[in-house]
Amino acid sequence: MTESFDSIGPRGTHLPRRERRIRGADGDLAVFEWGDPRGVPLVLVHGLSDTHRVWREVATLLADDFRVIAYDARGHGDSETPSGASTFRLDRLADDLFAVVDAVSPNRPAHVCGHGWGAIQGWEAVGDPRANTRIASFTAISGPNLDHLGVQLRELAARPHRLRRLATDRKFWRHGAGSARTAALRVTYPPRVRTWLIERLGGIPAAHAPIAPTWRADLLTGARIVHANLAPRLLCPRPRSTAVPVQIVVDTTDVLVPPFLYYGSARWVDRLWRCSIPADHWLPSTEPLLVAEAVGNFVEDLAAADSSMPRG
C-alpha cells in the first residue's frame, strides 16, 4: 500500500481536512477525510461520473459525529485508471472499497454509504464474506443490488400478469403519468447541469453540485462500468445474501431508480431497513441534510440495538 497524508482543508468549510493516496486493487486511489481521525469511520462511495466532491456537504454535516472518508473511484477524479475491460467489474470495484476500509480503519469495521452506482458497488461488497468483519452497516441510496433485481425480473417475466399489474400500480413508481413533464425535467436538468448553467450565466448563487475538472474522463469511465456489469448481472444473477445491516433510502420521486427495483432484496438481507424520502435521484446534492440524518440515525439505532443485546 502506498500512502501520503496531508492536511488540506480548515475547519468550518466543505473542503476535506485531510487527503491521502492508498493502493487500491489495480492502482492508487485518492482518499479524502473530514472529522476527528479517532471517530467512527464512515466511507462514502459516489456514483457514475461523480467524484468525492458530490459528498462534500453531506460529509461536513456528519463530521461532528463521524470520521468521514470519501474516495474517487477508479477512473474518476484523481484516482488512477486501470486498463482492460475486466478491471471495471463490480468485484474489482468492491476490492477497492475493501482496500479503502482496510487502510483507514484496519482495527474496526466501517460504516458504508453509496449513491447510485456507488450503492451498487456497496451491494457487491456486502455480499462478499469479507464484509462480515469489515463493514458495520451499509446504506444504499438510489442504487439497487443488480443480482437481486435480475432474479426479480426473471420471476416477473415468468408471470406476465404480475408484470402487467406492477406496471399499472402507482405505488411501485410513485410518480404517475400526470408528472411525465416533471419527470423528464428531473432527468435532463440534474444538479450539475444547473451548476454549469449558473457558472456561465453568473449573478446567481451556485448550487452545491461541484463539477470536477475530470468530468469528461469520468463520463467515459462510467460508461465502461455500466457496460462491464449491467447486462451480465441482470441476465445471469448470482445468489447474494448478507448478514450486514442494510438501510435502503428510497427516493420516492426518483425517475431513474423507481422504488420497485428494491423489492427483490428483502429475501437476501438478514437485517433490512427502508427509509423513504420524497426527493429525486441526486439526493447527496439536493438534500444533503436528509441524507446525513438518514445515515446518522441508522448508525445510532444500530449502536443502541447492539448495546441492548445481552452478552453471553
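**Exercise 1. Find the residues that touch the most other members of the largest nonpolar core, and the elements that supply it.**

Start with the rule: a nonpolar core is a set of buried Ala, Val, Leu, Ile, Met, Phe, Trp, Tyr and Cys residues joined through side-chain atoms within 4.5 Å. Buried means under 20% relative accessible area, exposed over 50%, partly exposed in between (1.4 Å probe, protein chains only). This is a predicted model, where local features need pLDDT of at least 70, side-chain atom pairs count only at pLDDT 80 or more, and totals for chains, interfaces and linings use all residues. Residues are numbered from 1 along each chain as its sequence is written, and side-chain values use heavy atoms, leaving out hydrogens and water.

Next, pick the hubs: in this 34-residue core, Val43, Tyr71, Leu97, Val100, Trp123, Ile135 and Phe138 touch the most other members. Then look at the elements: those giving at least two residues each include strand 4 (40-45), helix 2 (90-104) and strand 7 (135-141). Helix 2 is the top contributor, with seven residues. (Helices are DSSP runs of H or I, at least four residues, and strands runs of E, at least two, numbered from the N terminus.)

**Exercise 2. List what valine 43 touches, leaving out residues up to four places away in sequence.**

Use contact as heavy atoms within 4.5 Å. Valine 43 then meets Ile69, Tyr71, Leu97, Val100, Val101, Ala110, His111, Val112 and Cys113. Separate from that core is another, of 25 residues, with Phe32, Cys113, Leu283 and Val299 among them.

**Exercise 3. Classify cysteines 113 and 275 as buried or partly exposed.**

Cysteine 113 has a relative accessible area of 0%, so it's buried. Cysteine 275 comes out at 22%, so it's partly exposed.
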